[in-house]
Amino acid sequence: MAAPRTRRQSKRFVPPSDHAPSDMRRPTARRLAVPEGDWRSIRSDLELRGWSSSQLDVIQAELSQGWPLRIAMRHAALRLGTCPTGSKALG
């Protein structure tokens, strides 16, 4: 008598592994890094120099569009009509 034939399970439908690419593991906010440094360090430095949160938001938007920090600071001051008292140029 012949041995019963067993079917091998297809590997076409495989459960997903835990080794997903790093960008697919968990949704994290992208960090903004510009030639002048990391946004978090730039932000803390600007806060110490007296820049307000609305000005910092404008600066961050300008940096994410590719403007250098000096120009982004100028744009924020011109757009909002104010700059911090006693602010000095970075660098």
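**Helices α3 and α4, and a nonpolar core**

Me: The crossing of α3 and α4 is right-handed. What makes a crossing right-handed?

Reply: The near helix is turned clockwise from the far one by less than a right angle; anticlockwise would be left-handed. This is a predicted model: local features need pLDDT of at least 70, side-chain atom pairs 80 or more, while totals for chains, interfaces and linings use all residues. Residues count from 1 along each chain as its sequence is written, and side-chain values use heavy atoms, without hydrogens or water.

Me: Why is α3 called oblique to α4?

Reply: Helix α3 (residues 53-64) and helix α4 (residues 69-80) pack at about 135°, their axes 8 Å apart. Under 35 degrees is roughly parallel, over 145 roughly antiparallel, 65 to 115 roughly perpendicular, and the rest oblique. So α3 is oblique to α4.

Me: Which residues of α3 meet α4?

Reply: Ser 54, Gln 55, Val 58, Ile 59, Glu 62 and Leu 63. Contact means heavy atoms within 4.5 Å.

Me: Why does Gln 55 count as buried?

Reply: Buried means under 20% relative accessible area (1.4 Å probe, protein chains only). Gln 55 has 4% relative accessibility, so Gln 55 counts as buried. Gln 55 lies in helix α3. Beyond four places in sequence, its contacts include Gly 50, Ala 76 and Pro 84.

Me: Which residues have the most contacts inside the largest nonpolar core?

Reply: Leu 46, Trp 51, Ile 59, Leu 63 and Leu 69, in a core of 14 residues. Its largest share, five residues, comes from α4. Beyond four places in sequence, Trp 51 touches Leu 46, Ile 59 and Met 73, among others.

Methods:
Axes fitted to C-alpha atoms, helices over the stretch in contact; angles between N-to-C directions. Helix = DSSP H or I, 4+ residues; strand = E, 2+ residues; numbered from the N terminus. Core = buried A, V, L, I, M, F, W, Y, C linked by side-chain atoms within 4.5 Å. Buried < 20%, exposed > 50% of the residue type's maximum accessible area, 1.4 Å probe, protein only.
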